[in-house]
Amino acid sequence: MTPITEVEGRSLALSNLDKVLYAATGTTKGEVLHYYARTAAPLLAHLADRPVSFLRYPDGPDGQRFFTKNPPPGTPDWVRIADVPRKSADTGRQVVVADLASLMWAANLVVEFHTHQWRAEAPGHADRLVFDLDPGAPAGAVECCAVARWLRGRLGADGLDAYVKTSGAKGLHVLVPLLPAPAAEVSAYARELAVEAEAALPELVVHRMARALRPGKVFVDHSQNAAAKTTAAPYTVRAQREPTVSTPVTWDEIERCDAPGQLVFRLDDLAGRLERYGDLLAPLTERDRAGRLPRPSPGAG
């Protein structure tokens, strides 16, 4: 029998709580839901007013995985839905996870949460810039940290504050809070910096996606700033072999990183980190901390 739980006055059917999702650690669906309930406050702050896409993996990371932007069948009528622009149509519709009940409903579907860099109130106007640092073996976390440090300095030269989290997979995400700007302009600026990073660190960085270029280097992926693209949200559990989490980290941790495993965090690690540090990415949600996108360079783009 599926248990019915009341969350903020909403009745939720939470199913298969004893089901093992992560065979490598024996982590059950119930433990994943418990994690989301405990981490709801900072996660909801980063999901607020952002249309989400879901990477669903109902049978765990070794089972079928599928990406969806549209509201899943059976979405309750109390879950917020936003109209969003789509290339292939005038508008599309996506879920906005606005409260704890919506978060637990979505988590029960077994999903990764992915968000745009813009809010539903201003589609296509990014209030966040992101670089996804993706290492090609044998490069790993140590090399990503070196690139993140360079990007932090370069962004700082333009008066922008950078923050960093693990992707929850192999790499890092470097994020910048912005005063809203057209996604095309943010994308052009991000590409410009990725090209500069490759010029400054040619043995370490590649700015193009071609896999033949990437072994032993860090791909500075600037493409997720495009209006249609999404990035794994802070605190989302990932569909990896183990229940790793996209985890905010300090710049001191980035400086000290000298081994790949130092920046791997699983869902059991997050309560202690939040107690110690609070939400290290809170400035991304504080509009008075946002920086102004620099004027485009002559001939940029």
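1. Gln94 as a buried polar residue. In this predicted model, Q94 has a relative accessible area of 1% and is therefore buried, given that the class covers values under 20%. Q94 belongs to strand β8, which spans residues 92-96. Two polar partners are found for the side chain of Q94. One is the backbone oxygen of V52, which the side chain of Q94 reaches at 3.1 Å. The other is the side chain of H116, with which the side chain of Q94 makes a polar contact at 3.4 Å.

2. Surroundings of Gln94. Leaving aside residues up to four places away in sequence, Q94 touches P51, V52, S53, K69, P71, R80, I81, A82, V84, R86 and H116. V52 and H116 appear in this list, and they are also the residues that supply the backbone oxygen and the side-chain polar contact described above.

3. Aromatic pairs. The structure holds five aromatic pairs. One of them joins F54 and W105 in an edge-to-face arrangement, with 6.4 Å from centre to centre and 70 degrees between the planes. The pair links distant parts of the chain, since F54 sits in strand β5 (residues 51-56) and W105 in helix α3 (residues 100-108), 51 residues apart. Both partners are buried: F54 has a relative accessible area of 1%, and W105 has one of 10%.

4. A second pair at Phe54. F54 also forms an edge-to-face aromatic pair with F113, at 5.9 Å centre to centre and with 75 degrees between the planes. Because F54 lies in strand β5 and F113 in strand β9 (residues 111-115), this pair ties together parts that are 59 residues apart in sequence. F113 is buried, with a relative accessible area of 0%. Taken further, ring pairs link F54, W105 and F113 with Y35 and Y36 into a cluster.

5. The largest pocket. Which residues lie closest to the centre of the largest pocket? They are D132, D134, D221, Q224 and R238, out of 27 lining residues. The volume of this pocket is about 610 Å³. Elements that give two or more residues to its lining are β9, β10 (125-135), β14 (218-221) and β15 (231-232). Of the elements, β10 gives the most, with three residues. The lining of the largest pocket comprises eight nonpolar, nine polar and 10 charged residues. Strand β9, which carries F113 of the aromatic pair in point 4, is thus also among the elements that contribute to this lining.

6. The second largest pocket. This pocket has a volume of about 350 Å³. Its lining is made up of 22 residues, and those closest to the centre are A169, K170, G171, P260 and V264. By class, the lining of the second largest pocket has 12 nonpolar, seven polar and three charged residues.

7. Enclosed space. The structure holds two cavities of 30 Å³ or more. The second largest cavity has a volume of about 40 Å³. Its lining consists of Y235, T247, P248, L270, R273, L274, Y277, G278 and L280. Which helix gives the most to the lining of the second largest cavity? Helix α7 (residues 270-277) does, with four residues. Classed by residue type, the lining of this cavity has six nonpolar, two polar and one charged residues.

8. A cis peptide bond. The peptide bond that joins A137 and P138 is cis, with omega at about 5 degrees. P138 is in the loop between β10 and α4 (141-157). The strand on one side of this loop, β10, is also the element that gives the most to the lining of the largest pocket.

9. Positive phi angles. E8, although not a glycine, has a positive phi of about 50 degrees. E8 is in the loop between β1 (4-7) and β2 (10-13). D49 is likewise a residue other than glycine with a positive phi, here near 60 degrees. D49 lies in the loop between α2 (40-47) and β5, the strand that contains F54.

10. Exposure of the two residues. Are E8 and D49 buried or exposed? E8 has a relative accessibility of 55% and counts as exposed, because that class covers values over 50%. D49, at 14% relative accessibility, counts as buried, because its value is under 20%.

Terms used: Residues are numbered from 1 along each chain as its sequence is written. This is a predicted model: local features need pLDDT of at least 70, side-chain atom pairs count only at pLDDT 80 or more; totals for chains, interfaces and linings use all residues. Side-chain values use heavy atoms; hydrogens and water are left out. Buried means under 20% relative accessible area, exposed over 50%, partly exposed in between (1.4 Å probe, protein chains only). A polar contact is a pair of N or O atoms within 3.5 Å; within protein, one must be able to donate a hydrogen and the other to accept it, and residues adjacent in sequence count only if both atoms are side-chain atoms. Contact means heavy atoms within 4.5 Å. On a 1 Å grid over the protein atoms alone, a cavity is a set of points where a 1.4 Å probe fits but cannot get out, and a pocket is an open set with protein on both sides within 12 Å along at least five of seven lines; lining residues have an atom within 4 Å of a point. Grid points are joined across faces, edges and corners, and a volume is the space filled by probe spheres set on the points. Ala, Val, Leu, Ile, Met, Phe, Trp, Tyr, Cys and Pro count as nonpolar, Asp, Glu, Lys and Arg as charged, and the others, Gly among them, as polar. Rings of Phe, Tyr and Trp (its six-membered ring) pair if their centres lie within 6.5 Å; planes under 30 degrees apart count as stacked, over 60 as edge-to-face and the rest as tilted.
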